[in-house]
Amino acid sequence: FQSITRLPDGRVQSVITGNSNAMLWIDQSPGLPPVWQELTNLLNPGGTVTFTDDGSTNYNQRFYRARQ
């Protein structure tokens, strides 16, 4: 993750860098120790991609990881 920001409306937005044209899997865990659950996957066409978690408004805290 290059950055993670909570937006004014409560959603979380992250900028993720990695290999161009690679698939990324975004996992989330609502607490620690983490119990990872796949949240989504997306293509990273140019090496940097922005992801906004619309469901993050339902949680006080949420942990993320990106897998390639």
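Helices (H or I, at least four residues) and strands (E, at least two) are DSSP runs, numbered from the N terminus. The model is predicted: local features need pLDDT of at least 70, side-chain atom pairs count only at pLDDT 80 or more, and totals for chains, interfaces and linings use all residues. Residues are numbered from 1 along each chain as its sequence is written, and side-chain values use heavy atoms, without hydrogens and water.

**Exercise 1. Count the helices and strands in the chain, then give their pattern along the sequence.**

Solution. Start with the count. The chain has zero helices and six strands. Next, read along the sequence. The pattern is β-β-β-β-β-β.

**Exercise 2. Work out the order of the open sheet that contains E1, and name its edge strands.**

Solution. Apply the pairing rule: two strands pair if DSSP finds at least two bridges between them. Three strands then form an open sheet in the order E1-E2-E5, with antiparallel pairing. Strand E1 (3-6) and strand E5 (48-53) are the edges, as each pairs on one side only. From one strand to the next, the twist averages 15 degrees (axes are lines fitted to C-alpha atoms, and angles run from 0 to 180 degrees between N-to-C directions). Now look at one pair. E1 and strand E2 (residues 12-17) are antiparallel over four bridges. Arg-6 has Val-12 in E2 as its bridge partner.

**Exercise 3. Do the same for the open sheet that contains E3.**

Solution. This open sheet of three strands runs E4-E3-E6, and its pairing is antiparallel. Strand E4 (37-44) and strand E6 (63-67) each have a single partner strand, so one side of each lacks a neighbour in the sheet. The twist here averages 25 degrees from one strand to the next. Strand E3 (residues 22-29) pairs with E6 in the antiparallel sense over five bridges. Asp-27 has its bridge partner in E6: Arg-65.

**Exercise 4. Compare the radius of gyration with that of a compact globule, then describe the overall dimensions.**

Solution. The radius is taken over C-alpha atoms, and the globule rule is 2.2 Å times the number of residues to the power 0.38. For 68 residues, a compact globule would be near 11 Å; the chain has 12 Å, which agrees. Along the principal axes, the C-alpha atoms fill a box of roughly 35 × 25 × 15 Å.

**Exercise 5. State the buried share and the share of contacts between residues 24 or more positions apart.**

Solution. Buried means under 20% relative accessible area, with a 1.4 Å probe and protein chains only. Of the 68 residues, 32% count as buried. A contact means heavy atoms within 4.5 Å. Among contacts with a separation of 6 or more, 58% join residues 24 or more positions apart.

Notes: Buried means under 20% relative accessible area, exposed over 50%, partly exposed in between (1.4 Å probe, protein chains only).
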